[in-house]
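Take a moment with the sequence and the model together. The paragraphs that follow walk through them step by step.

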Amino acid sequence: MSNTGGRRRPPTIHDVAREAGVSRGTVSRVLNGGHYVSPAAQEAVNAAIRRTGYVVNRHARSLITGRSDSVGFLLTEPQERFFEDPNFNVLLRGCTQALAAHDVPLLLMLAGTEDERRRITRYITAGHVDGVLLVSSHSGDPVAEELREAGVPLVACGKPIGLGSKVSYVAADDRDGARDMVRHLLSLGRRRIGVVTGPLDTPGGVERLAGYREVLAEAGIAADERLVVPGDYSRASGEAGAERLLAQAPDVDAVFVASDLMAQGVLAALHRAGKRVPEDIAVGGFDDSPAATAATPALTTIRQPWDRISNEMVRVLLAQIGGEDPAAVILPTELVKRDST
């Protein structure tokens with residue numbers, strides 16, 4: 001390779017073709033998905049890319065393909081929630097790694113206000129990303145519907161309320177996980193089981209509360225709305241929920257909390273009230289996030305398969321970008337027993 005002004009020029013597609021002993025067109029087909037390329041030629045091109053250190057000029061490719069070769073990770077929550085809730089970071093890391101295997105960069109987008117959602121929706125629909133991984137979609141949030149109507153490939157984490165089969169989604173089985181937790185609490189002899197719900201305008205909030213109600217009904221335990229208090233997945237709402245439960249139902253002997261982060265708040269409030277966990281009140285969470293093992297005592301919880309959720313979201317989105325129809329994937333959860341029950 002020649003030098004210009006002492007600087008080594010970056011390798012080009014021509015260098016790769018020469019190194020691999022194939023035509024420039026063959027290299028181009030490999031770079032654009034490997035269609036109509038023999039396995040031997042594809043391996044030769046990939047080996048030549050590694051030897052030459054060739055890096056795809058994404059801008060040039062986008063002019064040809066009409067694609068940006070990037071994906072957006074859109075969180076429709078206030079920015080502070082991204083830093084407080086460890087689930088978002090776990091999901092972001094998993095999606096980033098899954099896309100890296102396809103050499104596709106991930107752009108983080110935070111849209112917690114109506115103005116931010118409008119700006120980011122304009123940015124996305126202008127073609128700056130090829131598709132969107134949407135996290136924490138509340139009912140009444142127009143983003144999912146607007147992106148769908150604009151033809152933007154989209155995969156939601158959790159089933160978007162009100163959109164049915166119109167939008168691809170990947171979700172843990174929230175209802176079944178909640179059922180497992182409440183059955184576990186019942187198996188310990190607890191009968192006054194309270195719940196701190198997730199937001200009831202989100203699929204997880206709705207499904208986890210439904211699972212709680214179903215198991216109590218199956219056990220012949222009459223519904224008591226004093227045992228049901230709202231939360232929003234934040235630690236502060238867990239504290240407030242526990243205080244409200246103790247005031248409304250002082251005989252509560254167990255609490256199912258719809259997220260581990262809220263459960264940390266519940267544990268703090270119970271400790272302040274002089275309640276022993278699990279002797280006086282057993283506590284179960286949901287997620288198996290880092291908040292579960294950081295809690296004191298360590299939290300019994302429902303494990304969401306975050307790695308599988310990330311990988312499936314990326315797989316479904318890339319398939320949709322490639323022209324496939326929307327798809328839905330529901331993954332099983334697992335009860336993890338620790339010291340809080």
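**A walk through the model**

The accessible surface of the protein chain comes to about 16,000 Å². Carbon and sulfur atoms account for 50% of that surface. The model is predicted. Its C-alpha atoms fill a box of roughly 80 × 40 × 40 Å along the principal axes. The chain has 341 residues, and 53% of them count as buried. Its secondary structure comes to 14 helices and 14 strands. Many contacts span long stretches of sequence: among those between residues at least 6 apart, 71% join residues at least 24 apart.

How far does the predictor's confidence reach? The mean pLDDT of the chain is 89, and 91% of the residues reach 70 or more. Residues 1–6 fall below 50, and this stretch has seven contacts in the model beyond near neighbours in sequence. Residues 62–66 also have a pLDDT below 50, with four such contacts. Where pLDDT is low, the predicted coordinates should not be read in detail.

Now go inside. The largest nonpolar core holds 41 residues. V182, I193, V196, Y212, F256, V257 and V283 touch the most other members. Several helices supply at least two residues each: α9 (174–187), α10 (203–218), α11 (235–248) and α12 (260–272). So do the strands β8 (193–196), β9 (228–229), β10 (254–257) and β11 (282–284). The largest share, six residues, comes from α12. Take V182 as a way in. Leaving aside residues up to four places away in sequence, V182 touches I193, Y212, V215, L216 and F256. A second core is separate and has 28 residues, including F82, L110, V316 and V329.

Next, look at R179 in helix α9. Is R179 buried or exposed? R179 counts as buried because its relative accessibility is 15%, under the 20% limit. Which residue does the R179 side chain meet in a polar contact? The partner is the side chain of E218, at 3.0 Å. Beyond residues up to four places away in sequence, R179 touches G211, E214, V215 and E218. V215 also appears among the residues that V182 touches.

Helix α10 also holds G204. G204 has a relative accessible area of 10%, so this residue is buried. Its contacts, apart from residues up to four places away in sequence, are D174 and Y233. Compare G204 with A172: they are 32 residues apart in sequence, and their C-alpha atoms are 8.8 Å apart in space.

Follow the contact from G204 to Y233. Y233 is found in the loop between β9 and α11. Y233 is not a glycine, yet it has a positive phi of about 80°. With a relative accessible area of 14%, Y233 is buried. D287 also has a positive phi, about 130°, although it is not a glycine. D287 sits in the loop between β11 and α13. At 4% relative accessibility, D287 counts as buried.

Turn to the strands. Strand β5 covers residues 131–135, and five of its five residues are buried. What covers which side? Both faces of β5 are covered. G131, L133 and V135 lie on one side, with V132 and L134 on the other, and all are buried. Strand β3 (residues 71–75) runs parallel to β5, and five bridges join them. One pairing to find is L74 with L134, its bridge partner in β5. Strand β6 (residues 154–157) also pairs with β5 in the parallel sense, over four bridges. There, V132 has L154 in β6 as its bridge partner.

Finally, check the backbone at two prolines. The peptide bond from V277 to P278 is cis, with omega near 10°. P278 lies in the loop between α12 and β11. A cis peptide bond also joins T296 and P297, where omega is about -5°. P297 is in the loop between α13 (290–294) and β12 (301–303).

Definitions and conventions
Residues are numbered from 1 along each chain as its sequence is written. Side-chain values use heavy atoms; hydrogens and water are left out. A nonpolar core is a set of buried Ala, Val, Leu, Ile, Met, Phe, Trp, Tyr and Cys residues joined through side-chain atoms within 4.5 Å. Buried means under 20% relative accessible area, exposed over 50%, partly exposed in between (1.4 Å probe, protein chains only). Contact means heavy atoms within 4.5 Å. pLDDT is the predictor's confidence in each residue, from 0 to 100. A polar contact is a pair of N or O atoms within 3.5 Å; within protein, one must be able to donate a hydrogen and the other to accept it, and residues adjacent in sequence count only if both atoms are side-chain atoms. Accessible areas come from the Shrake-Rupley method with a 1.4 Å probe; for residues, only the protein chains shown count as cover. Two strands pair if DSSP finds at least two bridges between them.
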